[in-house]
Amino acid sequence: MEGIIRNNASDLTLKVRSSYDVKKLNLYEWEDYLDILCGNRDYQKEAIKTAIIYLASGEYSNIDQLARENYKNNQDLQRLYRTEHDFIQHIPLKGKLSGVIDLATATGKSYVIYGIAQIMLSLGLVTKVLVLCPSLTIESGLMEKFEEKTSDVRLKASIPETAFFKNPRIIDANSTIKDGDICVENIHAVYDGTGSSIIASLKGYGEKTLVLSDEVHHAYNSSGENDIRKWKTFLMSEDFHFKYLLGFTGTAYIENEYFSDVIYRFSLREAMERSFVKLVEYVAEDENGDPYEKFQKIYDNHKEFQKKYGDIKPITIMVTKDIKSAGYLYEDFLDFIEKQEGIRRTEFDDKVLVVTSAPKHKKNVIALKTVDDKSNPAEWVISVSMLTEGWDVKNVFQIVPWEDRAFNSKLLIAQVLGRGLRIPENTSGQPKVRVFNHASWSKSIQSLVDEVLEKEMTVSSKIVNLTEKNKYNFGVYTINYTKKERTIEKKIIRLKKYLT
């Protein structure tokens, strides 16, 4: 039987050369700008610098060149792909200056996107930037963050005097995209003939347009939504001849396979180790088939978090495989709460939000924006795994994959975990998010979870405070002993050799 090759995703990341002609690209003059934009998050600076060197130094003409260079020097790539040609064929956007930046969810992806857009416009290599995303929720969030950056006086003052475009206009595709603009739009608008200026503004100008795709795994994976499936087609369209194409994601997987075109990676494990996100506590419980007993354990966990975090309202997310399953789970869970708390369903149903793309759940998507606030009664969110991006919810302390099909690939696991990583304000230490799984099928995906979390045996230490002293304190005893000499007689055994 042929062995399964397992690679650490970081070993498959394509290395961009750090040496380049500083006469063609001077990144030193951007140090103040990057310090203000990124603060102490050095990985954001590294991601931006790597992207700019790759796109603007003149060292590379396309992703194919970078891929060949890495294949020759990377044994992990050679083991995974039989030949250099085979590797190149797995590159999604061949022939372009394309690539992906993989940043764990909740580590500030929008800052990196904005920084790359600003610097590329300032260098004059492009005159327009198009930022694509998969939903209106994400579009709204990006617009808000970008507008905040353009109004930051210190940030604007740090842009070099030689910049071509120092103050980009932040717009959506309802306006004509002009030189110096950063246009943020969801991918559906690309194919919606009404109200979108993308085709009219960019057709024939592709080589001077930088396209940045947020949550780019949608473009690389198959999807039931027609517009999403056309995303990659749009990027490669001969009507535009786009040259500069960068994608961004915290889930760089096609099912279980890591992307072949990642040029920078800051992993979930690194983010946890540096306390930028919550720790993930993965729990596989017993195989009891009674859903009401499982509800009881989930309910008990939720009450535990309420006691532990006091003023913070904990949120539990339950993830299903599709919209129909979400509806069934909602009904069953309300039945459980009715019996558990002895109240009528109508007294509790505003505490449970079902968030899907179904029209009847539209109001719940709006309510989700304020779900962290105590004024919002919701404590439980039932959602579909592929429809959970763009949430900035910070109070998630429990995630429950309700069915194996909601949690049975690295892509789905990374997406589901990503919903609970953000850390709430005013919490001491590094909180945990508990992933409460079902043992009847968790064994089959445990290795996938471990690979996404990059779990391995580690030894750690910490300073114990006085309140914890008794928990860890133990006595050390010296054993008294005396030496006693004794003589052992050495016997010599002689062996006779018999000849035949």
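**Exercise 1.** Working with this predicted model, decide whether Phe240 is buried or exposed, then classify its ring pair with Phe234.

*Solution.* Start with Phe240: its relative accessibility is 6%, so it counts as buried. Next comes Phe234, which has 4% relative accessibility and is therefore buried too. Now for the geometry. The ring centres of Phe234 and Phe240 are 5.1 Å apart, with 65° between the planes. Since planes over 60 degrees apart count as edge-to-face, that's the label for Phe234 and Phe240.

**Exercise 2.** Stay with Phe234 and work out how its ring pairs with that of Phe242.

*Solution.* Grab the distance: 5.4 Å between the centres. Then the angle: the planes of Phe234 and Phe242 sit at 65°, so this pair is edge-to-face. As for burial, Phe234 and Phe242 are both buried.

**Exercise 3.** How many aromatic pairs does the structure hold, and which residues do ring pairs link into a cluster?

*Solution.* The count is 21 aromatic pairs. The cluster takes in Phe295, Tyr299, Phe333, Phe336, Trp380 and Trp402.

**Exercise 4.** Which rings have the charged ends of Lys128 and Lys278 sitting over them?

*Solution.* For Lys128, look at Tyr205: the charged end sits over that ring, 4.8 Å from the centre. For Lys278, the ring is that of Phe397, and the distance to its centre is 5.1 Å.

**Exercise 5.** How many disulfides are there, and where does that leave Cys133?

*Solution.* The cut-off is 2.5 Å between cysteine sulfur atoms, and the count comes to zero disulfides. For Cys133, the nearest cysteine sulfur belongs to Cys183, 9.9 Å away, and Cys133 is in no disulfide. Cys133 has 0% relative accessibility, so it counts as buried. Cys183, also at 0%, is buried as well.

Methods: Residues numbered from 1 in each chain as written. Predicted model: local features only at pLDDT ≥ 70, side-chain atom pairs only at ≥ 80, totals over all residues. Heavy atoms only, no water. Buried < 20%, exposed > 50% of the residue type's maximum accessible area, 1.4 Å probe, protein only. Phe/Tyr/Trp six-rings, centres within 6.5 Å; stacked < 30°, edge-to-face > 60°. Lys NZ or Arg CZ within 6 Å of the ring centre and 35° of its normal.
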